[in-house]
Amino acid sequence: MKNTALTQTHIDLGAKMVPFAGFTMPVSYEGVTLEHETVRKAVGVFDVSHMGEFLIEGPNALNLIQKVSSNDATKLTVGKAQYSCLPNETGGIVDDLIIYKIKEETYLLVVNASNIEKDWQHISTYNTSIGATMRNLSDEYSLLAIQGPKAVEAMQSLSSHDLSEIKFYNFVVGDFAGVEHVIISATGYTGSGGFEIYCKNSEVKQVWDKVLEAGKDFGIKPIGLAARDTLRLEMGYCLYGNDIDDTTSPLEAGLGWVTKFTKDFVNHEALAEQKEAGVTRKLVAFEMDQKAIPRHGYTITDTEQNAIGQVTSGTMAPSLGIGIGLGYVSKPFSRQGEKIHIQIRKKSVPATIVKLPFYKGQ
């Protein structure tokens with residue numbers, strides 16, 4: 001197992017540590033519900049330094065990104081970020097990622113921890129004929145997510161930049177917590193606002209300590225990966241390995257909005273055909289009609305007990321007090337309001353397909 005630069009810090013804080021994507025990571029400190037509510041109502045800080053960072057540079061950088069990613073990176077200007085995915089050659093997804101335009105001809109790709117090696121190999125394969133400069137910075141950089149409605153107010157004292165001016169999916173490179181040249185990005189996977197901070201491993205302990213100090217009067221707490229999962233699920237955000245993987249198409253997963261057929265990208269012809277023909281299954285969101293918790297892998301049936309799909313993510317939503325989940329179902333059963341059943345052990349529990357997000361805010 002790899003450690004992040006803050007592993008010992010988490011242990012000292014009493015975090016419950018677990019293996020995750022090849023790293024020893026904090027899953028919780030004081031309990032998932034308390035940590036979840038801290039992010040929804042105040043501000044919390046996550047160590048997500050296990051994520052991967054690739055720098056793509058040079059005159060051919062954009063050509064490479066356009067080839068391997070589904071979204072249209074020509075729309076990016078310096079200081080903007082974009083959610084995208086890496087389609088594979090067989091109709092599935094290599095990974096989902098965020099692409100940052102740092103400078104003209106310089107891009108940062110932020111990928112999932114479990115896919116760092118796989119993504120690097122995949123992108124490198126296409127780069128042999130394109131010739132961009134690629135650097136894997138994953139082992140050199142740390143990433144903190146400072147999330148919650150009080151994040152701007154709590155962190156403003158740490159930067160000379162007006163944090164309230166950084167719009168969603170925009171970023172600045174500047175000073176933060178006494179460190180220069182930090183990426184301060186208005187991104188995150190919680191749906192409660194805030195920032196992600198990219199800095200070097202040698203700088204992250206200083207940043208972490210100053211973030212906790214600055215946030216003290218705002219109720220800041222360190223947050224583990226368990227609450228990160230419940231927060232993202234309440235928003236209906238996909239988790240790679242659960243809701244999307246090498247076998248799920250971006251169109252099936254509801255990622256058509258980041259799949260732009262105005263360019264030539266990996267497997268775009270087959271995906272265009274799928275769009276034309278229509279998908280046979282869709283990723284849907286559902287709420288349990290009774291007190292029950294759906295889990296990854298549970299079978300979804302129609303009202304006649306015929307199998308129509310499978311749960312990919314599920315939890316008891318702390319903000320809502322009900323069981324929620326995502327799962328793939330046959331297209332005829334994917335309409336909002338459709339009644340389905342989740343097979344939980346030996347019980348068939350009714351549920352209803354709903355519109356995302358589950359969590360609608362305060």
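A residue is taken as buried when its relative accessible area is under 20%. The structure described here is a predicted model. By that cut-off Y100 is buried, because its relative accessible area is 0%. F171 is also assigned to the buried class, at 6% relative accessibility.

The structure contains 7 aromatic pairs. In one of them, the ring centres of Y100 and F171 are 5.3 Å apart and the ring planes meet at 75°, so the pair is classed as edge-to-face. This pair links distant parts of the chain: Y100 belongs to strand β6 (residues 93–103) and F171 to strand β10 (residues 171–176), with their positions 71 residues apart in sequence. For the rings of F261 and F265, the centres are 5.9 Å apart and the planes lie at 35°, so this pair is classed as tilted. F261 is partly exposed, with a relative accessibility of 27%, whereas F265 is buried, with a relative accessible area of 1%. Y100 and F171 also belong to one aromatic cluster, which they form with Y198.

Two contacts between a charge and a ring are described next. The charged end of R40 is placed over the ring of Y359, at 4.0 Å from the ring centre. In the other, the charged end of R281 sits over the ring of Y328, and the distance to the ring centre is 4.5 Å. R40 is also one of the buried residues of helix α2 (residues 32–41), together with E35, H36, T38 and V39. The cover over the buried residues of α2 includes the strands β2 (23–28), β3 (44–47), β9 (141–147) and β13 (221–222), as well as helix α7 (225–235).

Open and enclosed space was then examined. Empty space left between atoms is revealed by rolling over them a probe the size of a water molecule. The largest pocket holds about 880 Å³ of space. Its lining consists of 35 residues, and those nearest the centre of the pocket are G236, G254, L255, W257 and L356. Strands β5 (81–87), β14 (281–288) and β19 (347–354) are the elements that each give two or more residues to this lining. The largest share comes from β14, which supplies 4 residues. By class, the lining of the largest pocket divides into 21 nonpolar, 9 polar and 5 charged residues.

The second largest pocket has about 610 Å³ of space. It is lined by 29 residues, with F20, M51, N112, R228 and L239 nearest its centre. The elements giving two or more residues to the lining of the second largest pocket are β1 (16–20), β6, β7 (106–111), β12 (194–200) and α7. Of these, α7 gives the most, with 5 residues. The lining of this pocket comprises 20 nonpolar, 4 polar and 5 charged residues.

With a lower limit of 30 Å³, the count of cavities is 1. The volume of the largest cavity is about 40 Å³. The residues that line the largest cavity are F46, A145, Q147, G188, Y189, T190, E196 and R228. This lining has 3 nonpolar, 3 polar and 2 charged residues. R228 thus appears in the lining of the largest cavity and also among the residues nearest the centre of the second largest pocket.

Two loop residues were considered individually. D72 is found in the loop between α3 (61–68) and β5. With a relative accessible area of 10%, D72 is buried. When neighbours within four places in sequence are left aside, D72 is in contact with Q66, Q82, K260, T262 and K263. E105 occupies the loop between β6 and β7. At 41% relative accessibility, E105 falls in the partly exposed class. With neighbours within four places in sequence again excluded, the contacts of E105 are I56, E57, G58, P59 and A61. The C-alpha atom of E105 is separated by 28 Å from that of G92, a residue 13 positions away along the chain.

Conventions
Residues numbered from 1 in each chain as written. Predicted model: local features only at pLDDT ≥ 70, side-chain atom pairs only at ≥ 80, totals over all residues. Heavy atoms only, no water. Buried < 20%, exposed > 50% of the residue type's maximum accessible area, 1.4 Å probe, protein only. Contact = heavy atoms within 4.5 Å. Phe/Tyr/Trp six-rings, centres within 6.5 Å; stacked < 30°, edge-to-face > 60°. Lys NZ or Arg CZ within 6 Å of the ring centre and 35° of its normal. 1 Å grid on protein atoms, 1.4 Å probe; cavity = no way out; pocket = protein on both sides within 12 Å on 5 of 7 lines; lining within 4 Å. Points joined across faces, edges and corners; volume = space filled by probe spheres on them. Nonpolar A, V, L, I, M, F, W, Y, C, P; charged D, E, K, R; others polar.
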